Amino acid sequence: MDKIAWLKQVLREDAVPFYSNEELEFYLRENGDDHKAAAYRLLLIIEIKQHLLFAQHIKAKLSAEFIILQLKM
């Protein structure tokens, strides 16, 4: 199995596509062709993006609840 295929399997790209082949190749090159280091960095990026999306969702939900409370007063 080549390193790009390994990254795709570890990152579950078949079930939840997130990166293009070009991005996978870029991060593999940036990490000195170390597929495990590239996977670690790519997983961190996914986690950060998911965390930011969740934080935005919570902020929007709290804002909506605050507006509803203000309307009830």
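Helices here are DSSP runs of H or I with at least four residues, numbered from the N terminus. With that in hand I placed Asp33 in the loop between α2 and α3. The model I am reading is a predicted one.

**Entry: Asp33**

I looked up the backbone of Asp33 and found a positive phi of about 65°, although Asp33 is not a glycine. I then checked its accessibility. Asp33 has a relative accessible area of 42%, so I noted it as partly exposed, the class between under 20% and over 50%.

**Entry: salt bridge**

I searched the whole structure for salt bridges and got one. Its partners are Lys3 and Asp33, and their closest N and O atoms are 3.1 Å apart. Next I asked which parts of the chain this pair links. The parts are distant ones: Lys3 sits in helix α1, residues 3–10, and Asp33 in the loop between α2 (21–30) and α3 (35–72), with the two positions 30 residues apart in numbering. I also looked up the accessibility of the lysine: Lys3 is partly exposed at 31% relative accessible area. My remark on the background is that side chains of opposite charge can pair when their charged atoms come close.

**Entry: Arg12**

I checked Arg12 for its backbone as well. Its phi is near 55°, again a positive value in a residue other than glycine. Arg12 belongs to the loop between α1 and α2.

**Entry: aromatic rings**

How many aromatic pairs does the structure hold? I count three. For Phe18 and Tyr19 I read 5.0 Å from centre to centre and 75° between the planes, an edge-to-face pair. I looked up both residues for burial. Phe18 is partly exposed, with 29% relative accessible area, whereas Tyr19 counts as buried at 9% relative accessibility. The buried label for Tyr19 follows because the limit is under 20%.

Tyr19 also pairs with Tyr27: the ring centres are 6.5 Å apart and the planes stand at 65°, so I entered this pair as edge-to-face too. The angle decides the label, because planes over 60 degrees apart count as edge-to-face. I then asked which residues form the aromatic cluster. Phe18, Tyr19, Phe26 and Tyr27 form one cluster.

**Entry: recap**

I keep two items for reference. Asp33 has both the positive phi and a place in the salt bridge with Lys3. Tyr19 takes part in an edge-to-face pair with Phe18 and in another with Tyr27.

Terms used:
Residues numbered from 1 in each chain as written. Predicted model: local features only at pLDDT ≥ 70, side-chain atom pairs only at ≥ 80, totals over all residues. Heavy atoms only, no water. Phe/Tyr/Trp six-rings, centres within 6.5 Å; stacked < 30°, edge-to-face > 60°. Buried < 20%, exposed > 50% of the residue type's maximum accessible area, 1.4 Å probe, protein only. Salt bridge = Lys/Arg side-chain N within 4 Å of Asp/Glu carboxyl O.
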